[in-house]
Amino acid sequence: MTPTAAPVAPTTPAATDTHCPYCSLQCGMRLAPVGPAGSAPAGPPVEVLERPDFPVNRGALCGKGRTAPALLARGARLTGPLLRDRPGGPLRSASWPEALDRVAAGLARVRDEHGPDAVGVFGGGGLTNEKAYLLGKFARVVLGTANIDYNGRFCMSSAAAAHRRAFGLDRGLPFPLADLPHTGCLVLVGGNPAETMPPAVRYLRELRENGGTLIVVDPRRTRTAELADLHLQPRPGGDLALALGLLHLVIADGLLDQDFIAERTSGFAAARESAMAHWPDRVERITGVPVHQLRMAARMFGEAATGMVLTARGAEQHSKGTDTVGAWINLCLATGKSGRPYSGYGCLTGQGNGQGGREHGQKADQLPGYRSIEDPAARAHVAAVWGVPAASLPGPGVSAYELLDGLGRPGGVKALLLAGSNPAVSAPNAGQITERLRALDLLVVADLVLSETARLADVVLPVTQWAEEDGTTTNLEGRVILRRRALDPPDGVRGELWLLRELAARLGVPDGFPAEAEQAFEELRRASAGGDADYAGISYARIAAEDGVFWPCPAEGHPGTPRLFLDRYATPDGRARFAEVTHRPAAEEPDEDYPLYLTTGRVLAQYQSGAQTRRVAELNAAAPGPYVELHPRLAQRLGVADGEPLAVTSRRGRAVAPARITEAIRPDTVFMPFHWAGAGRANSLTNPALDPVSRMPEFKLCAVRVERVHREAGT
Ligand SMILES: Nc1nc2c(c(=O)[nH]1)N[C@H]1C(S)=C(S)[C@@H](COP(=O)(O)OP(=O)(O)OC[C@H]3O[C@@H](n4cnc5c(=O)[nH]c(N)nc54)[C@H](O)[C@@H]3O)O[C@H]1N2
Ligand SMILES: Nc1nc2c(c(=O)[nH]1)N[C@H]1C(S)=C(S)[C@@H](COP(=O)(O)OP(=O)(O)OC[C@H]3O[C@@H](n4cnc5c(=O)[nH]c(N)nc54)[C@H](O)[C@@H]3O)O[C@H]1N2
Ligand code: SF4
Ligand SMILES: [Mo]
């Protein structure tokens, strides 16, 4: 036999260190190619390995992160542009030039006929800093529209607003997560990290091992509440009164830190007066939390030498979310648990780039670096970086829900470019928002998958994903991290920065839209320089070498700022400001017709609108569909058995999903996760009442009626 040449050994590309595409923990992970280079596997082209050296998650990942490569497979995602030739017609495949020409012509036509504000942009907190930055620039410079906002408005805008009001600066956590185990008492209000950020639960466990105490405030006895020393179980919407009641007791027990109040704060007199009007019996009546538990919580927090309060969406997604967060900040300030090591108030941000996404200009009222679009100096600085006259920059536009609700209406947006969100599932009052999306002259959606919103689009543009592109995100700690490109995208898929550059060129702006992420970041550094969220000293090389860099980082020699406010707050006088807040009811409280509270939230195995995770078999098996959580006493009153379909009706719509009976929830409240479309869509029910300051919708509370679904004979 003649010997045949041995096959050439395939060059196996090295593994790449990067980060998870999903939540704000931005867990470090390592991606390794599956199979030899050059082969085209039908399944995921890379596998996830642990990266124990990354400090935030130290190798731990949840199931969503571990299975994230599933969507990199060809069959799981969009691989070419789609467009619709006539309204109501089918989506068909198109080439990139045809799709881009169509988008540019459509945007230009609406802008010319109705003015620039008739063209809107809707972004997302999952987009990298580079994408968010250039999307904001695209809106202001290329389209000239004021109407750009993003889904972060639905996420943590209330905490952001309260942060700025109290501290003059908004960063999710003012300290690294690794500080948590060293505090004396941690109060977690409306957060369920055991399901929403599992690797972070380690810090709660370590806290208790170190002798610290954990108080969890949640209307449900969640997996997180199970870990607590004390679980307070208020009615939805009770957190504002609860915080005021705890401040009342802290004052009564003589646990104030008078020196801290005098030296580092302003406005205590009014905060004190409001707290005095929230005496324990009254707070028990409002919240349903018994007085003895209020006393226990006030003592635990007030007597601890150090303490932290963390809020998440349970406390914030209310029409009084900003004031609620303000009341919890008041409690921290009054007891001196802020502005010193192992103490402080923080917010658990949500999306992968929930933090950075709102710092660089996709929020209606902000320019890069967390600058106000109404501040003349800020406008001048950013306009100079962009090479345009400051006067050409539009003013502030409307907030996310208002933008969506105005689509297709007189004076509203008529053509919308949407990237990184799926509002047909995730917006409040989603039935109506779906109608508004349908009423547009032109809807353009950039996405990885054909989401429910993309299905409504006139043009769908398939973009690259986390592992196929470079980019930075800013995690919940304010740590700027770097995602690295680990593999090539399929043919037909393009980067979002390339897409913006192509559209800008077609709309008459050929320069200023780099398609390379690092180049975009270099411009972002300059645009943010001198702003609150100052990234001027951060570079890709530094991030890689230092496991991320905490902003503000104003110069290359600056070490970054892991801990904020230790010397002074970012207010003009350096003092933290107490908020003047008082209890008020929700926009809609239960009544005779709609006697129960509905609250909504998340489950471990699904992410957000589910557009991504509902396409991953392993996650779908773990969390296959919507349900309605209710207490056995309520179930008995309704005569409903576990698993039986239930109809939930609010003033806005109806949803049907199986009953899940559990003692873990209050008998006056039902809970639905919001990850699904169709009949079980929780957002068919939710109330779009907005917080007056943050414009956050009231996702966490509306009044509903719950009934058995009587099946017709023969079905
Ligand atoms: N598995 C998973 N993880 C995620 C996400 C996901 O979709 N799935 N999304 C990411 C994002 S963007 C976000 S914003 C975070 C959100 O993270 P979390 O805020 O932890 O998530 P939620 O489930 O929305 O809400 C937390 C808790 O608030 C409680 N709650 C409801 N109403 C009230 C109330 O009035 N007061 C109080 N005190 N509590 C209330 C709910 O019972 C729930 O247990 O999670 C991130 N991580
Ligand atoms: N009832 C109820 N509703 C809620 C909430 C609640 O607690 N209760 N929470 C709210 C909160 S906190 C949030 S954050 C929102 C989130 O809800 P959405 O804004 O709908 O967020 P996702 O479902 O993550 O949608 C992201 C979409 O962008 C796509 N995508 C991912 N990466 C990229 C990218 O780089 N570029 C582009 N172009 N697309 C990308 C995904 O495939 C997906 O279709 O939901 C809100 N809605
Ligand atoms: S906790 Fe968040 S960042 Fe970490 S693996 Fe899970 S989804 Fe990804
Ligand atoms: Mo979020």
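The following dialogue works through the domains, cavities, ligand shell, one sheet and two backbone features of a predicted model.

Me: Which domains does the assignment give for this protein?

Reply: The assignment gives four entries: domain 1 covers 16-72, domain 2 joins 82-154 with 353-550, domain 3 covers 157-347, and domain 4 covers 596-712. Domain 2 is thus written as two segments.

Me: How far apart are the C-alpha centres of domain 1 and domain 4, and how many residues does each give to the contact?

Reply: The two C-alpha centres are separated by 31 Å. Domain 1 contributes seven residues to the contact, and domain 4 contributes 10 residues.

Me: I should like to turn to the enclosed spaces. How many cavities of 30 Å³ or more does the structure hold, and what is the volume of the largest?

Reply: A cavity is a space where a 1.4 Å probe fits but cannot get out. There are six such cavities of 30 Å³ or more in this structure, and the largest has a volume of about 730 Å³.

Me: Which residues lie nearest the centre of the largest cavity, and how does its lining divide by class?

Reply: The lining comprises 40 residues, with Asn-151, Gln-351, Gly-420, Tyr-607 and Gln-612 nearest the centre. By class, 18 are polar, 15 nonpolar and seven charged.

Me: Where does the largest cavity lie with respect to the domains?

Reply: The largest cavity lies between domain 2 and domain 4, because both give residues to its lining.

Me: What is the volume of the second largest cavity, and which residues are closest to its centre?

Reply: Its volume is about 540 Å³. The second largest cavity is lined by 39 residues, and Gly-190, Thr-196, Arg-313, Arg-602 and Lys-700 are the closest to its centre. The elements giving two or more residues to this lining are α5 (193-196), α12 (313-316) and β23 (596-601).

Me: How does the lining of the second largest cavity divide by class, and why is this cavity placed between two domains?

Reply: The division is 15 nonpolar, 15 polar and nine charged residues. Domain 3 and domain 4 both supply lining residues, so the second largest cavity lies between them.

Me: Pockets, by contrast, are open. What is the volume of the second largest pocket, and which residues are closest to its centre?

Reply: The second largest pocket has a volume of about 380 Å³. Its lining has 25 residues, and those closest to the centre are Glu-195, Arg-223, Val-603, Tyr-627 and Arg-660.

Me: Which element gives the largest share of that lining, and how does the lining divide by class?

Reply: Helix α21 gives the largest share, three residues; α1 (63-66) and α21 (617-622) each supply at least two. The classes are 11 nonpolar, nine charged and five polar residues. Since domain 3 and domain 4 both give residues to the lining of the second largest pocket, this pocket lies between them.

Me: Which residues are around ligand 3, and how does this shell divide by class?

Reply: The shell consists of Cys-20, Tyr-22, Cys-23, Leu-25, Gln-26, Cys-27, Leu-61, Cys-62, Lys-64, Gly-65, Pro-198 and Pro-199. Nine of these residues are nonpolar, two are polar and one is charged.

Me: How should I read the sheet that contains β19, β20 and β21: is the pairing parallel or antiparallel?

Reply: In general, the strands of a sheet pair through backbone hydrogen bonds, either parallel or antiparallel. Here three strands form an open sheet in the order β19-β20-β21, with antiparallel pairing. The edge strands, each paired on one side only, are β19 (471-474) and β21 (549-550). Four bridges link β19 to β20 (residues 479-483), and Thr-472 stands opposite Leu-482 in β20.

Me: Which residues does a cis peptide bond join, and which residue that is not a glycine has a positive phi?

Reply: Most residues other than glycine have a negative phi, and most peptide bonds are trans. In this model the bond between Trp-551 and Pro-552 is cis, with omega about -5 degrees; Pro-552 is in the loop between β21 and β22 (576-577). Arg-58 has a positive phi of about 45 degrees and is placed in the loop between β3 (46-49) and α1.

Note on methods
Residues numbered from 1 in each chain as written. Chains lettered and ligands numbered in written order. Predicted model: local features only at pLDDT ≥ 70, side-chain atom pairs only at ≥ 80, totals over all residues. Heavy atoms only, no water. 1 Å grid on protein atoms, 1.4 Å probe; cavity = no way out; pocket = protein on both sides within 12 Å on 5 of 7 lines; lining within 4 Å. Points joined across faces, edges and corners; volume = space filled by probe spheres on them. Nonpolar A, V, L, I, M, F, W, Y, C, P; charged D, E, K, R; others polar. Domains from an automatic or database assignment. Near = heavy atom within 4 Å. Pairing = 2+ DSSP bridges. Contact = heavy atoms within 4.5 Å.
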